Amino acid sequence: MTSSSSKLRSMTFLVLAEVAALSLWFVSSATLPGMMAEVTMSAGQQAALSSAVQLGFVFGAFISAFLGIADRFDPRRVLALCACIAAAANLGLAFVSPASLVAVLLRLVTGVMLAGVYPVGMKIAAGWGLKDRGLLVAILVGALTFGSSLPHLATLMGGADWRVAVYSTSIAAFVGGAFVLGAGLGPHHARSPSFSASSITLAWTDKRIRRAYGGYLGHMWELYAMWAWLPVAAAASFAVSLDTQDANRLASLTAFLSIALGALACIWAGRSADRIGKANVAILAMAGSLVAGLATAASFGGPWWLTVIFFILWGITVIPDSAQFSALVADAAPPQLAGSLMTFQTALGFLLTFVTVQLTPVLAEYVGWQVTLAVMTAGPALGIIATWPLRERAMQ
């Protein structure tokens with residue numbers, strides 16, 4: 001088998017695995033209206049179901065980064081095992097009360113295991129190229145994005161029974177764990193013979209890595225708070241002019257389209273990044289996200305069709321920069337340490353999202369969703385500032 005065909009085959013299996021496994025992420029967010037129709041849940045319980053995944057991911061990613069798991073072991077086997085355990089934990093949601101502590105713990109375990117799926121997948125993708133690394137990592141982030149949208153589609157198809165989304169995403173993740181075993185490791189894959197905690201210090205001592213981390217944190221301030229609470233915020237806006245049932249269904253459809261179309265934007269961003277510079281593309285995406293987020297906030301409670309359009313535009317622009325920050329780290333890092341440094345990057349980012357996802361509904365309760373949506377756009381504004389010097393470097 002030629003190198004190009006091996007690359008295509010491996011990336012295909014990897015993308016399918018990522019789409020399937022990452023469908024687990026927003027199961028609780030997508031099914032929340034159905035859960036609340038069945039049991040009474042406080043605002044804190046609702047937030048805990050979503051933020052538990054973020055917290056679990058942070059814990060798993062820190063452990064993975066400091067132990068160098070992605071760089072010391074076969075990443076395909078790591079990804080497959082983690083996807084299957086995450087699927088089992090997700091399946092458990094169907095058999096417990098959504099308002100119980102057990103449900104939160106199951107979401108926590110799901111997040112821990114997903115730390116062995118997304119960053120590890122980036123390690124595999126980065127090993128298949130140098131000149132087209134921006135595109136390869138972008139394809140993987142596109143897979144994550146599309147996978148994240150699937151629970152909303154499953155919820156729409158399942159109707160009133162929220163457990164249909166739980167069953168379907170769990171089965172998909174099990175299958176995805178098997179798919180990744182069909183992928184190969186690329187010619188630029190490097191394995192670290194031993195663990196060295198000092199490798200993580202490059203996140204502070206290397207200016208390129210530090211600035212890429214800074215831009216990524218600005219991006220993450222906005223991303224998961226927007227994704228996690230989009231259905232709730234959209235439903236609140238639509239309810240001004242529609243009845244509750246129609247508002248909820250339109251909100252689910254808006255969330256699916258907003259997140260899924262962002263996956264296509266990742267592909268465009270990846271192709272452009274390898275031509276005009278990864279940092280340049282990241283800055284353009286953050287500028288678009290800033291404008292779209294402010295427009296969504298301004299339209300809140302207005303004509304529902306206008307808010308749908310702005311939410312979709314926001315979803316398209318909120319994600320394309322993510323892959324480029326990871327690719328910038330992979331470019332600057334020694335190949336044998338790229339997996340750990342990308343994992344550490346995602347760990348810091350998701351630690352921030354734990355805070356933003358948890359605080360978003362609290363802030364909305366006090367100042368309303370319109371102001372809360374506008375606050376989210378502070379992230380891309382700060383991200384542009386952090387990334388700007390890398391743009392000058394990329395253009396030299």
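How many cavities of 30 Å³ or more does a search of the whole structure find? The search finds 2 of them. The legends below walk through one of these cavities, a pocket and several side-chain neighbourhoods, all in a predicted model.

**Figure 1. Nine residues surround the second largest cavity, which has a volume of about 40 Å³****.** The walls are made by Tyr118, Leu144, Tyr216, Met220, Leu223, Tyr224, Ile319, Ser322 and Phe350. Helix H11 gives the most to this lining, with 4 residues. By class, the lining splits into 8 nonpolar residues and 1 polar, with no charged residue. Keep Tyr216 in mind, as this lining residue returns in the next view.

**Figure 2. Tyr216 and Phe325 form an edge-to-face ring pair****.** The ring centres are 6.5 Å apart and the planes stand at 75 degrees, so the pair counts as edge-to-face, a class that needs planes over 60 degrees apart. What do the two rings tie together? Tyr216 belongs to helix H11 (residues 207–238) and Phe325 to helix H15 (residues 320–332), so the pair joins parts that are 109 residues apart in sequence. Both partners are hidden from solvent: Tyr216 is buried, with a relative accessible area of 1%, and Phe325 is buried at 0%. The structure holds 15 aromatic pairs counted in this way.

**Figure 3. Helix H15 is mostly covered****.** Of the 13 residues in H15, 12 are buried. Among them are Pro320, Asp321 and Ser322 at the start of the list, along with Phe325, Leu328 and Val329. Ser322 has a second role to look for here, as one of the residues lining the second largest cavity.

**Figure 4. Aromatic rings gather in a cluster, and an arginine lies over a tryptophan elsewhere in the sequence****.** Ring pairs link Trp25, Phe26, Phe57, Tyr224, Trp227 and Phe350 into a cluster. Two of these names, Tyr224 and Phe350, also appear in the lining of the second largest cavity. In a separate close-up, Arg391 lies over the face of Trp388, at 4.8 Å from the ring centre.

**Figure 5. The second largest pocket has a volume of about 310 Å³****.** Its lining has 18 residues, and those closest to the pocket centre are Leu32, Met36, Gln46, Trp229 and Val232. Which elements give two or more residues to this lining? They are helix H2 (27–38), helix H3 (43–67), H11, helix H12 (244–276) and helix H16 (338–367). H2 gives the most, with 5 residues. The lining has 13 nonpolar, 4 polar and 1 charged residues.

**Figure 6. Thr31 sits buried in helix H2****.** Is Thr31 buried or exposed? With a relative accessible area of 0%, Thr31 is buried. Setting aside residues up to four places away in sequence, Thr31 touches Thr155, Trp162 and Ala165.

**Figure 7. Ala87 of helix H5 has partners from other parts of the sequence****.** Helix H5 spans residues 75–91, and Ala87 counts as buried at 0% relative accessibility. Neighbours within four places in sequence aside, Ala87 is in contact with Leu24, Ser170, Ala173 and Phe174. Ser23 makes a handy landmark for this view: Ala87 and Ser23 are 64 residues apart in sequence and 9.7 Å apart in space, C-alpha to C-alpha.

Conventions:
Residues numbered from 1 in each chain as written. Predicted model: local features only at pLDDT ≥ 70, side-chain atom pairs only at ≥ 80, totals over all residues. Heavy atoms only, no water. Phe/Tyr/Trp six-rings, centres within 6.5 Å; stacked < 30°, edge-to-face > 60°. Buried < 20%, exposed > 50% of the residue type's maximum accessible area, 1.4 Å probe, protein only. Lys NZ or Arg CZ within 6 Å of the ring centre and 35° of its normal. 1 Å grid on protein atoms, 1.4 Å probe; cavity = no way out; pocket = protein on both sides within 12 Å on 5 of 7 lines; lining within 4 Å. Points joined across faces, edges and corners; volume = space filled by probe spheres on them. Nonpolar A, V, L, I, M, F, W, Y, C, P; charged D, E, K, R; others polar. Contact = heavy atoms within 4.5 Å.
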